[in-house]
Amino acid sequence: MAQRMRRATRGRVAAIATVGLMMAAGFVASSGPVQAADTNLVVNGGFEDGLANWFVNNGNATDGAQLSATSDAYSGANAALVTSRTTTGSGPMQDLSGKVQAGQAYTLTARIKYENPSGPATKQFFATMHYGGGTYTNLVSVTATKGQWAQFNGTFTIPSGQSVSTARLFFETPWTSTPSTDPDLHLMDFKLDDVSVIGAAPPAPASKTIEVVGKLPGEHNPLIGHKFGADGFGFVHDGRVYMYLTNDTQGYAPDPATGVSPGINYGTINQITVISSEDLVNWTDHGEIQVAGPNGVAPFTANSWAPGITKKVVNGEEKFFLYYANGGGSSNVITGASPLGPWTSERTSTLIDGRTPGAEAVAWKFDPAPFVDDDGQPYLYFGGGPASTSMPPAERFNNPKNIRAIELGDDMISTEGTAAVVDAPVAFEAGHVFKRDGKYYFSYSSHFGGNDFGGNQQPLPGYPGGGQIGYMISDNPMSWPKETYAGVLFPNQSQFFGSGTGGNNHQSVFEFEGRYYFTYHAPTLNKRINGNTTQGYRSPHIQELAFNPDGTIQQVVGTYAGVDQVRNFAPYRVFEAETFGWSKGVATAKVDGSSAQFGGAAPNLVVRDIDNGDWTALSSVDFGDNGAQSVTARVRALTSGGQIQVRLDDVAGPVVGTIPVDTPSGQWAEVTAELDGVSGVHDVYFTFTGPAGVDLFEIDNWAFAAATQPELPVTVTASTRCVGGKAYVAVQARNDHDAPVGIALETAYGQRSFTAVAPGANAYQSFNTRAVSVPAGSATVRVTGSIGGQDVTTVRTVQHPAGTCGG
Ligand SMILES: [Ca+2]
Ligand SMILES: [Ca+2]
Ligand SMILES: [Ca+2]
């Protein structure tokens, strides 16, 4: 049936191809669409890069052939040779999806040759487009003479109604259902060279860049303003907080005209976004992990929602285990060598699914949250969704028993035993566990009622309302009876952020340097873009978590202010430009190579889509009393005339340095600017200017250099001498400064300090080594004083020779 359909389709489209050819011969120039600069859409059409970008047409299961490079080329050194063809459609193919456009006319040229001695004297060949499904369109044909290079040369127009989301060009012989009956006529080998499809340049992908200021200067929520992210899971490792997020930006597609995106489609999300911070205000964008889908770390999963991560030493090796929901039906785990990867899949099937003991009655086997206890025993919490219909309606509402706890194996990628019910009141999803003072805290999101939960019911007294975060406290991480319920930890975010921010939530708790923090999400960035009519794109938030003396939690209040900055930002190092506290109009993109700041295993991103007027900013940068002398940026100029202004404390604050980005266009280079008057603690704004309407440059990383500390002038000498048969080391330091200084003389044989050494005076000490001889060595002279009102310490080292008494 499929083949008959295919033949029918081909009969129809052959007529279209004929029209295209007529147009090519006649009046394309006057009747065709207006074209901008014509572009060849075929990559490696001359096969000079071997078979790169080419593969064998695989539109039908029966298609198949061998593709190789041959030196028998029409031009250059290489052509393609196709052999062992199983169908008439078995020929070289290149994917032009995203390049060709409906309604446009294109000119196709190519060279083709066949030589089989038993083949016919002449043979027709087609250039054909597969538009997906059973839609094949012959574009251009040529009749070749055996043993000679023939030329395809024709024009085709893609019908205005044709979907081009799939568009794959290939070369073939005319279709017949059973070509194997006469392989010499239908399945001959052939060679291909110099393929081109010339026409309108591919459409630029619509921009996803968020042009508004999504995180306002001075505020710390949402955490980032240049992309979305949901279901944040906070994780502390080696002095940094990492947040793993469902990549809500993946399906974000703002209309170029209106700026409004269609509503979020969770089904398209198969990446996890990672950001990190050492201060909870300035966040580094580490980009996305391609977790699921055909090119994912775990290609047997389709989605990657609601991540949860932990670390454990397995077989002597510290590993990082990232759990995620594969849609609603199952959960899985991938393994990282660091919090930033690289990532591998140790499993070939999902970790939690309908076969997991004790999970059979769980509707949604998702939202996996790991927890490793102090004794090293790991646990996983998962589940959610509609309650079992076998329960009475009131129980379905109040105690739906839809969440589970299970022990993980020591390998962290298997489960042990049977999952236990977490009897969380009004539970919906989003289980999470942390431990504090020997008690286990389970938090979760509550449901919104409805038929899935027993219909029109009322919560029991004290039980959560819809879309709230409740919590329980237990002495046992596997035991969560309803009596352990402790209250509502966080009301719905719409209570704090208003219209357009409602919906369910997903929280985590982490401890960082002695304080506890609560993570949740709210579509606050979406609201800043589109007002109260949001489309469901969520942003990560953090608030501090406070406990009562009895261990219960003080209910969290959601604010845009967020949490205090944990520490000032350290500028005197290479740090990624994709680290910022606030930004306007920029996007980020992963690039080849590793991060200069985070090392070989970490991905590197650059800041891009930088237009005139865009900016990024760092919160509370500590330049020290001595201040900064210069700033260096690694940049790639995209036009001439771009500049970076360094400003303090406000986007319109004083310019303390200007970096001209006048390096060769398209090449990465380092540019440096001297800074003036930059000391103490400031917010730092990098503002970008240049020609309007074009991307100015990209930025990889920054590095500030500290001003060289002024030195106190001092003349130091050291010598050896002999007194009473013992060797001495004598050290002298003359104060050449115009004010008194303190001087400390230090040797291996003792030290002495002098206060208020007058200008021109000496500090002198002869240190007794208590030995007959002394080897060569060094003395340290430490001078303390004041230059221009600033306290300065100058340290000098001086060598002394060896010496022997009576020698
Ligand atoms: Ca060639
Ligand atoms: Ca921009
Ligand atoms: Ca970078």
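Good morning. I begin with Glu-48, which is partly exposed at a relative accessible area of 39% (buried means under 20%, exposed over 50%, and partly exposed in between, with a 1.4 Å probe and protein chains only). The model is predicted, and local features need pLDDT of at least 70, side-chain atom pairs count only at pLDDT 80 or more, and totals for chains, interfaces and linings use all residues. Residues are numbered from 1 along each chain as its sequence is written, chains are lettered from A and ligands numbered from 1 in the order in which they are written, and side-chain values use heavy atoms, with hydrogens and water left out.

Which residues hold the calcium ion (ligand 1) as protein donors? They are Gly-46 (O), Glu-48 (OE), Ser-75 (O), Asn-78 (O) and Asp-193, the last listed twice through OD, at 2.3 to 2.8 Å from the ion. Donors here are N, O and S atoms within 2.8 Å of the metal, or 3.2 Å for Na, K and Ca; water is not among the atoms, so sites may look incomplete.

Along the chain, the donors follow the spacing G-x1-E-x26-S-x2-N-x114-D. Glu-48 sits in the loop between strands E1 (38–40) and E2 (55–56), and Asn-78 in the loop between E3 (66–70) and E4 (79–83), so this pair ties together parts 30 residues apart in sequence.

Turning to the whole chain, the secondary structure comprises six helices and 51 strands (DSSP runs numbered from the N terminus: helices are H or I of at least four residues, strands E of at least two). Of its 807 residues, 53% count as buried. The C-alpha trace spans about 115 × 75 × 55 Å along its principal axes.
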